[in-house]
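Walk me through this structure, starting from its open pockets and moving on to its sheet and its enclosed space. Keep the steps short.

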Amino acid sequence: MDWPALQQTVAGCRACALCQGRTQTVFGAGHQQGQWLIVGEAPGAQEDALGEPFVGPSGQLLDSMLQALGLSRQTDGEPNRSVYIANALKCRPPANRTPQAQELQACAPFLQRQIALQQPRTILAMGKTAAQALLGDPAPLGQLRGRVHSLGGSSVIVTYHPSYLLRSPGEKAKAWADLCLAADTAGLPQK
Ligand code: SF4
């Protein structure tokens, strides 16, 4: 499946019960040939309403973090400074509860196909659910941070989800260290 066929398939997906409560699926956004992929957990209320990942306060924080590295989610930027953004789940869990294992399993082929189409050089896994979905490793986030994981041809760096950073601003320094690790791993020249 190419990008348009994949997006159409996701839009009509009823493979798990989350389809019943969604306003719409949230497929992803950004530069599909970008060398960076950001993976979050699942759509929240605003994402479900707008059909875009990472909008609202957590999206603004993500954009600030990306900007600090000279990255953006614009669709027409240089590939080495452009990101695509997707979630592990494409439909909103009720009341933003944590995704269940069977939901992640049902939705996994879509994220896997997005990765295969994009072939990102670097993947930032934001939060434990994203890390688990990508790496299949149930270890706590603290044990997954601070090192470079490998997924196919991509390097995976695990960091905190922006919504967690909004609740725990004291952890922002650790998130910045994770971003610097990602930039070093990608050989990203600092602007
Ligand atoms: Fe399909 Fe994923 Fe939505 Fe479940 S969460 S209905 S698997 S698109």
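In this predicted model, 15 residues line the second largest pocket. Nearest its centre lie Ala108, Gln132, Ala133, Leu134 and Gly136. The volume of this second largest pocket is about 310 Å³. Helices H4 and H5 each supply at least two residues of its lining. H4 gives the most, with 6 residues. By class, the lining of the second largest pocket has 10 nonpolar, 4 polar and 1 charged residues.

Stay with H4 for a moment. Glutamine 112 is found in this helix. Is glutamine 112 buried or exposed? The relative accessible area of glutamine 112 is 52%. Exposed means over 50%, so glutamine 112 counts as exposed. Its C-alpha atom is separated by 9.8 Å from that of alanine 133, a residue 21 positions away along the chain. Alanine 133 is also one of the residues nearest the centre of the second largest pocket.

Now the largest pocket. It holds about 640 Å³ of space. Its lining counts 27 residues, and Glu41, Ala42, His161, Ser163 and Arg167 lie nearest the centre. Four helices give two or more residues each to this lining: H2 (45-50), H3 (56-68), H5 (128-135) and H7 (162-167). H5 thus appears here and in the lining of the second largest pocket. The lining of the largest pocket divides into 10 nonpolar, 12 polar and 5 charged residues.

Next, the sheet. The model has an open sheet of 6 strands, in the order S1-S3-S2-S4-S6-S5, with mixed pairing. S1 and S5 (149-151) stand at the edges. Each has a single partner strand, so one side of each is left without a neighbour in the sheet.

Begin at the S1 edge. Strand S1 (residues 29-30) runs antiparallel to S3, and 2 bridges join them. There, alanine 29 stands opposite isoleucine 85. On to S2 (residues 36-40): this strand runs parallel to S3, with 5 bridges between them. Valine 39 of that pairing stands opposite alanine 86 in S3.

How many of the residues of S3 (residues 83-87) are buried? The count is 5 of 5, so by the cut-off of under 20% relative accessible area, the strand is mostly covered. Val83, Ile85 and Asn87 point one way from S3. Tyr84 and Ala86 point the other way. Both sets are buried.

At the other edge, S5 is joined to strand S6 (residues 154-159) by 3 bridges, and the two run antiparallel. Histidine 149 stands opposite valine 156 in S6.

Last, the enclosed space. The count comes to 1 cavity of 30 Å³ or more. About 90 Å³ of space lies in the largest cavity. Of the 14 residues lining it, Cys13, Cys16, Cys91, Cys107 and Phe110 are the closest to its centre. Helix H4 (residues 101-118) returns here, giving the largest share of the lining, 3 residues. The lining of the largest cavity divides into 11 nonpolar, 1 polar and 2 charged residues.

Where does the ligand sit? The ligand sits in this largest cavity. Around the ligand are Cys13, Ala15, Cys16, Cys19, Arg22, Lys90, Cys91, Ala106, Cys107 and Phe110. By class, this shell has 8 nonpolar, no polar and 2 charged residues. Cys13, Cys16, Cys91, Cys107 and Phe110 thus surround the ligand and are the closest to the cavity centre.

Technical notes: Residues numbered from 1 in each chain as written. Predicted model: local features only at pLDDT ≥ 70, side-chain atom pairs only at ≥ 80, totals over all residues. Heavy atoms only, no water. Buried < 20%, exposed > 50% of the residue type's maximum accessible area, 1.4 Å probe, protein only. Pairing = 2+ DSSP bridges. Near = heavy atom within 4 Å. 1 Å grid on protein atoms, 1.4 Å probe; cavity = no way out; pocket = protein on both sides within 12 Å on 5 of 7 lines; lining within 4 Å. Sits in = over half its atoms within 2 Å of the grid points. Nonpolar A, V, L, I, M, F, W, Y, C, P; charged D, E, K, R; others polar. Points joined across faces, edges and corners; volume = space filled by probe spheres on them.
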